[in-house]
Amino acid sequence: MSMGGWLDRFRGISMKLALWTCGLISLLTLGSSLVMLDVMEETLLAELVRRGAAISASIASPAAFSILEGDRLALDNLAAKTIEAQDDLVYLAIVDTRGKILAHSRLEATGGDFLPATGELLPQSGGSTVSRLSGEAAAFEFHTPVLFSGKRIGEIYLGIGDQVLQGSRAEARGKVALVAAGVLGAGLIGTLLLATLLTRPIKRLSLGVAALQAGECVRVPVTSGDELGRLTREFNTMATELGRQKARLAEHAQQLEEAYVATVRLLAAAMDARDEYTLGHSTRVATLSSLVGRRLNLSAAAQRDLTVACFLHDVGKIRIPDRILHKRGSLSSVEHACILKHPEHGADILRLVDSLCHYVPAVLHHHERWDGRGYPAGLQGEEIPLFAAILAITDAYDAMTSSRPYRVGLSREQAIKELQRGSGSQFSPYLVEVFLLALEEYGDESAPAFFA
């Protein structure tokens, strides 16, 4: 048999092997893709339901206090802040037991009757009833009762669009299709490579895969124009695409981080909204602390942790009754002791969530004094965590310069004198100096815009 005949026979076997293998891989890939898409669909829907239920539940607690207090302004503020924090929220209605709208994300709807949407009921999540809607601006409506001491005092209706769900679904399908195409291409080319027994180029590819798994930007040289060369080029294309996917994942991670901080800010705003005189307190403290952190040359991650700690520093006050928080006269010894417990209450709340545990030292110790006469642990000097020491100064400054029903807030100059008087006794002397330098920037264009 001539050389040409041998080559033709070899090509025929390679092609047959490739076709058989490609057919088998196609069936397996198709079946796996369908199962994967089904699982992804259920997972995405379940995640949306969990998220909606969590948002509704987070609103119910502050809404209960505002309903009992008859504080419509706080309810309106809660509805507006919630809608602003999440792009896919369509509407939020807080309704009394008679069906009257107490607060609505659309102010013109306040005072009217609320008509719940009708749709397909989904399994309940966290005490919320979920309906899938059709032909509506919102794709899902969450209904959560507002309870106080086991008694229903209102309802929360939250409408969520399906833009994020649709986007995630499309992205998942695209990735599955890309993976399926890659598997088919790799299977075909892999079969041809085995048929030719070209071990050296295969080894190059193996090393390239290992480098890619290690996170390196790799490109395998193409040394031939045959099937193996095509596999090498496709590997390089895949590596490039993986690099792009990695960059996109990093961007998504940043977006999730921003959403996390926005959620913490929402919680802080909800707590501040319990008292009109403390509204915006956590944001101002975060702004001042961020300026101090910048002066201290903290890393971006440390700056972010300091900011979140500021938003959470008074979370323990959620356990303090309104009659004590809003009392205009002098507190009794029992009431004063209750107030002093709020750092410990805050630490206990944060310990319930693993991702928030590292904020416990700042929240627990932000009322410690440099001379050791603070609370709750009586830490002194360098024993006080850095974030807590910064918080002690910025919290005190904002408290002194904010007016209360029983007193007018101090001027900037008066507050600065008080801080200087407390330097070395109540506050860290070094951090007071840094704060006073940072205070010169407060209100200028150099202040971080994201705290506005």
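1. Let me start with Tyr 397, which is buried in this predicted model. Its relative accessible area is 6%, and a residue counts as buried when that value is under 20%.

2. Phe 435 is buried as well, at 1% relative accessibility. Tyr 397 and Phe 435 belong together in this note, since a search of the whole structure turns up 3 aromatic pairs, and Tyr 397 with Phe 435 makes an aromatic pair of the edge-to-face kind. The ring centres are 5.4 Å apart and the planes stand at 65 degrees to each other; the label follows because angles over 60 degrees count as edge-to-face.

3. Where do the two partners sit along the chain? Tyr 397 lies in helix H12 (residues 386-401) and Phe 435 in helix H14 (residues 429-439). With their positions 38 residues apart, the pair links distant parts of the chain.

4. Helix H12 also has a neighbour worth a look: H7 (residues 300-312) packs with H12 at an angle of about 50 degrees, the axes being 11 Å apart. That angle makes H7 oblique to H12, and H7 passes H12 in a right-handed crossing.

5. Which residues make the contact between H7 and H12? From H7 come Ala 302, Asp 305, Leu 306, Ala 309 and Cys 310, and they meet Phe 387, Ile 390 and Leu 391 of H12. By class, the residues of this contact are 7 nonpolar, no polar and 1 charged. Asp 305 is on the H7 side, and Asp counts as charged.

How values were computed: Residues are numbered from 1 along each chain as its sequence is written. This is a predicted model: local features need pLDDT of at least 70, side-chain atom pairs count only at pLDDT 80 or more; totals for chains, interfaces and linings use all residues. Side-chain values use heavy atoms; hydrogens and water are left out. Rings of Phe, Tyr and Trp (its six-membered ring) pair if their centres lie within 6.5 Å; planes under 30 degrees apart count as stacked, over 60 as edge-to-face and the rest as tilted. Helices (H or I, at least four residues) and strands (E, at least two) are DSSP runs, numbered from the N terminus. Buried means under 20% relative accessible area, exposed over 50%, partly exposed in between (1.4 Å probe, protein chains only). Axes are lines fitted to C-alpha atoms, for helices over the stretch in contact, and angles run from 0 to 180 degrees between N-to-C directions. Angles under 35 degrees count as roughly parallel, over 145 as roughly antiparallel, 65 to 115 as roughly perpendicular and the rest as oblique. A crossing is left-handed if the near helix is turned anticlockwise from the far one by less than a right angle, and right-handed if clockwise. Contact means heavy atoms within 4.5 Å.
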